[in-house]
Amino acid sequence: MKKYLVETYYTCTFKTVHSLNELNEKAMADIDKRDDGIVEVIEVKLNNRKTKKVGEKNQKELKKDEKVGIIDKKIDKNVNDIIQSKPEIHNKIKTKLGSRFKMPDRRKGYIQKASIGEHKIYLHTGEYDDGKIGEIFIDTNKEGELVKALMNNFAIAISLGLQYGVPLDEFVDAFIDTKFEPSGKVEGNDRILSATSILDYVFRELAISYLGKEDLAHTPSISKIQNSEDYNSDDKFLKIVKNITSKGFVRSNYEEKLVDLSDIRLNLKSKN
């Protein structure tokens, strides 16, 4: 027994009647948003009927599916070509899949020297080309070999986590306000005045410099931090500066750190 499916198409014409207290531009502009109109059907017209066998596709649908399959293959090929031709995109995709996004051989970053009590701490950072942090090193001066080794290996573990895609936010939330000695007054950092531990100081500094978390700072920012998206995309000079400048060092305040030399003219003619 064969089964057929009959599809019937109708065209319905109707109108909606609204009542207005005043006739003005505002009332007319808001009329489409109102749902208190009275709907009146004007005409219902039968267009056509289509019959097809249940469970079978017609030739048009088969051709359409073939075209879609061909287009999908072309898209996949183009995407693969783009990924293979651009290593940075390939690295980002690998990172999303749980692979390590290795640091460039020549990289940007900064060194922050500070002291907690009588203990000097040197924080080194390394950045990717786009300004995101990818590694840290922590050096101390008055700690024993055991503590130095633990701090160095802790920094390596954090660096590996960053390179495997763990957000810096997660580390900041985990280690902020940890308490152990040395702790107390901080000297040498213009934004942090005290810390409850070395880890509290380190991740407070990273959060301020790379995440813009001003609520973790003890002093107000001298210059206003702006999002990189707020900058004019046509400013080629600013793009060059951002490519060669450490984001953590300037704390995203690129414009405040710039020295505009565009109006300076140098006379390079030698005098005989």
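This report covers the salt bridges and one helix, H4, of a predicted model.

## Salt bridges between distant parts of the chain

Side chains of opposite charge can pair when their charged atoms come close. In this model the count of salt bridges is six.

One of them joins Lys-213 to Asp-169, with 3.4 Å from N to O. The two residues are 44 apart in the chain: Lys-213 sits in the loop between helix H6 (198–210) and helix H7 (236–244), and Asp-169 belongs to helix H5 (residues 168–175). Lys-213 is partly exposed, at 23% relative accessible area. Asp-169 is also partly exposed, at 31%.

Arg-191 and Glu-214 form another salt bridge, at 2.5 Å from N to O. This pair, too, links distant parts of the chain, with the two positions 23 residues apart in numbering: Arg-191 lies in the loop between strand S6 (184–187) and strand S7 (194–195), while Glu-214 lies in the loop between H6 and H7. Arg-191 has a relative accessible area of 5%, so the residue counts as buried, the limit being under 20%. Its partner Glu-214 is partly exposed, with 28% relative accessibility.

## A further pair and a network

Lys-185 is paired with Glu-187, and their closest N and O atoms are 3.8 Å apart. That distance qualifies because the cut-off for a salt bridge is within 4 Å. Lys-185 is exposed, with a relative accessible area of 59%. Glu-187 has a value of 45% and is partly exposed.

Asp-177, Asp-200 and Arg-204 are joined into one network by salt bridges that share partners.

## Helix H4

Helix H4 runs over residues 145–163 and has 19 residues. How far apart should the ends of H4 be at 1.5 Å a residue? The expected span is 27 Å, and the end C-alpha atoms of H4 are 27 Å apart, so the two values agree. The expected figure uses one less than the number of residues, because that is how the span is defined.

Several residues of H4 are buried: Met-151, Phe-154, Ala-155, Ile-158, Ser-159, Gly-161, Leu-162 and Gln-163. The elements that cover these buried residues include strand S5 (133–140), together with H5 and H6. H5 also holds Asp-169, the salt-bridge partner of Lys-213.

Just after H4, Gly-165 has a positive phi of about 100°.

Conventions:
Residues are numbered from 1 along each chain as its sequence is written. This is a predicted model: local features need pLDDT of at least 70, side-chain atom pairs count only at pLDDT 80 or more; totals for chains, interfaces and linings use all residues. Side-chain values use heavy atoms; hydrogens and water are left out. A salt bridge is a side-chain nitrogen of Lys or Arg within 4 Å of a carboxyl oxygen of Asp or Glu. Helices (H or I, at least four residues) and strands (E, at least two) are DSSP runs, numbered from the N terminus. Buried means under 20% relative accessible area, exposed over 50%, partly exposed in between (1.4 Å probe, protein chains only). Contact means heavy atoms within 4.5 Å.
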